[in-house]
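The exercises below are meant to be worked with the sequence and the 3D structure side by side. Please try each task before reading the solution that follows it.

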Amino acid sequence: MVETAVIGRLTWLAASVAGAVQETSRVRTLELDVPGWAGHRAGQHLDVRLTAEDGYQAQRSYSIGSAPGDGVALTIERLDDGEVSPYLVDEAREGDQVEVRGPIGGYFVWDGDEPEPVLLVAGGSGVVPLMAMARHRARIGSETPMRLVYSSRTWGDVIYRDELEPLGLDVVHTLTREQPSGWTGYSRRIDTELLSEVAWPASDSPRVYVCGSTRFVDAAADGLLELGYEADWIRTERFGATGS
Ligand SMILES: Cc1cc2nc3c(=O)[nH]c(=O)nc-3n(C[C@H](O)[C@H](O)[C@H](O)COP(=O)(O)OP(=O)(O)OC[C@H]3O[C@@H](n4cnc5c(N)ncnc54)[C@H](O)[C@@H]3O)c2cc1C
């Protein structure tokens, strides 16, 4: 209810595509130029609205992947049967206009002013708001320990693959569908046992952010509760009903 009231006060802003980066074969980052943008916190999202020539409109939510103070970048995964994501991933060109409304969300955010270690748990494109947190930590020079446990289908599907290490956080990959030869990392879905090997001990009272499909988020959160994590340490963001 509170979030609905806040969204009601936000107005749609005209935005234009200022740049695009192909991240994987199915994922693209769009840098948006948004005159009048009020700034955002790491972990927040916005709504994108597209209007067709005949006036038909469609809107979807997208997390902001850029650090606060660093513009507005969205990273979108193409769902082949989707209405909006194929346009954003395959068709949007520099100069194209969309509308955005945001920033939205005051719960799934990390501002970098708490001392507790941070555990980020990402499934696929769920890494996007967590990347904003990792970038924010690097940008402000925070020494808060931060670890990312990141589940992807294959090595080629790892979004931001080469950008993660330079940010100075620990990264643990698991590849659920196919692994490159010689792969020594994890090769299964995130479960309690995997988390018990890589998560901060419960005695550290870590702050946890889990993001991905609904099924992924539920599995990861259940695993963390089984490890003795308290429910109010765990913040979750669900991207959609299905997916792996
Ligand atoms: C708060 C929030 C933040 C989000 N941030 C991002 C982001 O940073 N990057 C990103 O790529 N997406 C993100 N999403 C998902 C995004 O809003 C859309 O749902 C997604 O792009 C699909 O839209 P579409 O119009 O292409 O597909 P639709 O036409 O809406 O759906 C097509 C088909 O895909 C299924 N579907 C819908 N959403 C998903 C999903 N997420 N995973 C798997 N199957 C799905 C539907 O059930 C349907 O069968 C976010 C969602 C929320 C709620």
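## Exercise 1: The overall fold

Task: State how many helices and strands the protein has, and decide how its radius of gyration compares with the globule rule.

Solution. In this predicted model, the secondary structure amounts to six helices and 11 strands. The radius of gyration is 18 Å, close to the 18 Å that the globule rule gives for 244 residues, so the protein is as compact as a globular protein of that length. Along the principal axes, the C-alpha trace spans about 55 × 40 × 35 Å. Of the 244 residues, 37% count as buried. As for the contacts between residues at least 6 apart in sequence, 68% of them join residues at least 24 apart.

## Exercise 2: Strand pairing around β3 and β6

Task: Find the strands that pair with β3, and name the residue of each that stands opposite D47.

Solution. Begin with the hairpin, in which strand β3 (residues 45-51) and strand β4 (residues 57-63) run antiparallel and are joined by seven bridges. Within this pairing, the bridge partner of D47 in β4 is S61. Five residues lie between the two strands of the hairpin, and G55 takes a positive phi near 95° there.

Next, turn to strand β6 (residues 97-104), which pairs with β3 in the antiparallel sense over four bridges. Here D47 stands opposite R101, while H45 stands opposite I104. D47 therefore has S61 as its bridge partner in β4 and R101 opposite it in β6.

Finally, follow β6 to β1, since these two strands also run antiparallel and are joined by four bridges. In that pairing, A14 has E99 of β6 as its bridge partner.

## Exercise 3: Two domains and their contact

Task: Identify the domains, and describe the side of domain 1 that touches domain 2.

Solution. The protein is divided into domain 1 (2-104) and domain 2 (118-238), and their C-alpha centres lie 24 Å apart. Each domain's share of the contact can then be counted: 15 residues come from domain 1 and 15 residues from domain 2. On the side of domain 1 that touches domain 2, the elements that give two or more residues are β1 (13-24) and β5 (72-77). The residues of that side divide into five nonpolar, eight polar and two charged.

## Exercise 4: The largest nonpolar core

Task: Say which residues have the most contacts inside the largest nonpolar core, and which helix gives the most to it.

Solution. The largest nonpolar core has 53 residues, and those with the most contacts inside it are L120, V121, L130 and Y209. Helix α3 (residues 127-140) gives the most to this core, contributing seven residues. The core draws at least three residues from each of domain 1 (2-104) and domain 2 (118-238). To look at one of its members in detail, take L120: leaving aside neighbours within four places in sequence, L120 is in contact with L130, M133, M146, R147, L148 and Y209.

## Exercise 5: Unusual backbone geometry

Task: Work out whether Y160 is buried or exposed, and whether S205 counts as buried, exposed or partly exposed.

Solution. Start from the general expectation, which is that most residues other than glycine have a negative phi, and most peptide bonds are trans. Y160 has a positive phi, near 60°, and is found in the loop between β8 (146-152) and α4 (161-164). Because 24 other C-beta atoms lie within 10 Å, and 20 or more suffice, Y160 is buried. Not counting residues up to four places away in sequence, Y160 touches E23, V127 and M131. Y160 and E23 are 137 residues apart in sequence, yet their C-alpha atoms are 6.6 Å apart in space.

S205 also has a positive phi, of about 45°, although it is not a glycine, and S205 lies in the loop between α5 (192-198) and β10 (207-212). With 13 C-beta neighbours inside 10 Å, S205 counts as partly exposed.

One peptide bond completes the exercise: the bond from G102 to P103 is cis, with omega near 0°, and P103 has its place in strand β6.

Conventions
Residues are numbered from 1 along each chain as its sequence is written. This is a predicted model: local features need pLDDT of at least 70, side-chain atom pairs count only at pLDDT 80 or more; totals for chains, interfaces and linings use all residues. A nonpolar core is a set of buried Ala, Val, Leu, Ile, Met, Phe, Trp, Tyr and Cys residues joined through C-beta atoms within 7 Å. A residue is buried if 20 or more other C-beta atoms lie within 10 Å of its own, exposed if 12 or fewer, and partly exposed in between; C-beta atoms are placed from the backbone. Domain bounds come from an automatic or database domain assignment. Two residues are in contact if their C-beta atoms, placed from the backbone, lie within 7 Å. The radius of gyration is taken over C-alpha atoms; the globule rule is 2.2 Å times the number of residues to the power 0.38. Ala, Val, Leu, Ile, Met, Phe, Trp, Tyr, Cys and Pro count as nonpolar, Asp, Glu, Lys and Arg as charged, and the others, Gly among them, as polar.
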